[in-house]
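Work through the following exercises with the coordinates open, and try each task before reading its solution. Each solution proceeds step by step.

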Amino acid sequence: MTFRLLSDTPLSAVRLPAGHSVLLDPARRAGSGCIEVLDGVARVYCPCEETEGMTLAFLQAGDQLDASRLCSEGACVEALTPLCFSSSAALDPEAGLDPVNEWTLQLLRIRHLGSAEQRLHALLAMLVRRMGRRCGPWCDLPFRLTHERIGELIGTTRVTTTRLISRIRQAQLIEVPPGSAGMRLAPSLVESAPLANA
């Protein structure tokens, strides 16, 4: 994983192109470890050597991340779509449940389902329900994840993930429009997923 350090100076708008990452280092940003996503979708992951790349959460517009509550080595924010966030945000005490805690809980629930097929089904449905939208006969997700990343999220190999996704494609329940940064899932796939109320 490659990333650059986020500036120590709080900024009202930091822009990242899709695929780029920054490290939020709480040691360098004493007292100002909160960011707020203004536009786009981000993945938060662990930069630690032992767990490098482990996904902690996904964030979208309006979500805040208090990096001071994470690992002492900080957290990385990866832009899944073109991303704009504020690194000068003040933590909203009325915000309710921390998005990282909530995502981590949901990802753990998915990891404990019995089969890789169930885990993939639940993950895709959760991503669409929380970060996608219904658009005609499809549910659109504005980004894609690599098969390797999906494997990490559901606790399986890239090869197994590719095989499972191929089955879903053959059933015409998922499609990746050419030239699109996102993907489409059939509503029936989303509605029939395990943990549908998560």
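**Exercise 1.** Determine how S11 and strand S13 (residues 183-185) pair, and over how many bridges.

*Solution.* In this predicted model, S11 and S13 pair in the antiparallel sense, and three bridges connect them. To fix the register, start from Asp140 and look across to S13, where the bridge partner is Arg184.

**Exercise 2.** Find the strand to which three bridges join strand S10 (residues 133-135), and describe the hairpin.

*Solution.* Strand S10 is joined to S11 by three bridges, and the two strands run antiparallel. The register can be read from Cys135, whose bridge partner in S11 is Trp138. The hairpin of S10 and S11 has two residues between the strands, and within this hairpin Gly136 adopts a positive phi near 65°.

**Exercise 3.** Decide whether the residues on the two faces of strand S11 (residues 138-141) are buried or exposed.

*Solution.* Begin with the general rule that side chains in a regular strand alternate between the two faces of the sheet. In S11, Trp138 and Asp140 lie on one side, while Cys139 and Leu141 lie on the other. All of these residues are buried, taking under 20% relative accessible area as the cut-off, so both faces of the strand are covered.

**Exercise 4.** Establish the strand order of the open sheet that four strands form, and identify which strands stand at its edges.

*Solution.* The order is S2-S9-S4-S7, with antiparallel pairing. Strand S2 (14-16) and strand S7 (64-66) stand at the edges; each has a single partner strand, so one side of each is left without a neighbour in the sheet. From one strand to the next, the twist averages 25°. Further in, strand S4 (residues 34-39) pairs with strand S9 (residues 83-86) over three bridges in the antiparallel sense, and Val37 has Phe85 in S9 as its bridge partner.

**Exercise 5.** Characterise the packing of helix H2 (residues 116-131) and helix H4 (residues 158-170) through the crossing angle of their axes, the handedness and the residues that meet.

*Solution.* The axes come within 10 Å and cross at roughly 65°. Because angles of 65 to 115 degrees count as roughly perpendicular, H2 is roughly perpendicular to H4. The crossing of the two helices is right-handed. On the H2 side, Ala116, Glu117, Leu120 and Leu124 take part, and they meet Thr160, Leu164, Ile165, Arg167 and Ile168 in H4. Sorted by character, the residues of this contact comprise six nonpolar, one polar and two charged.

Notes:
Residues are numbered from 1 along each chain as its sequence is written. This is a predicted model: local features need pLDDT of at least 70, side-chain atom pairs count only at pLDDT 80 or more; totals for chains, interfaces and linings use all residues. Side-chain values use heavy atoms; hydrogens and water are left out. Two strands pair if DSSP finds at least two bridges between them. Axes are lines fitted to C-alpha atoms, for helices over the stretch in contact, and angles run from 0 to 180 degrees between N-to-C directions. Angles under 35 degrees count as roughly parallel, over 145 as roughly antiparallel, 65 to 115 as roughly perpendicular and the rest as oblique. A crossing is left-handed if the near helix is turned anticlockwise from the far one by less than a right angle, and right-handed if clockwise. Contact means heavy atoms within 4.5 Å. Ala, Val, Leu, Ile, Met, Phe, Trp, Tyr, Cys and Pro count as nonpolar, Asp, Glu, Lys and Arg as charged, and the others, Gly among them, as polar. Buried means under 20% relative accessible area, exposed over 50%, partly exposed in between (1.4 Å probe, protein chains only).
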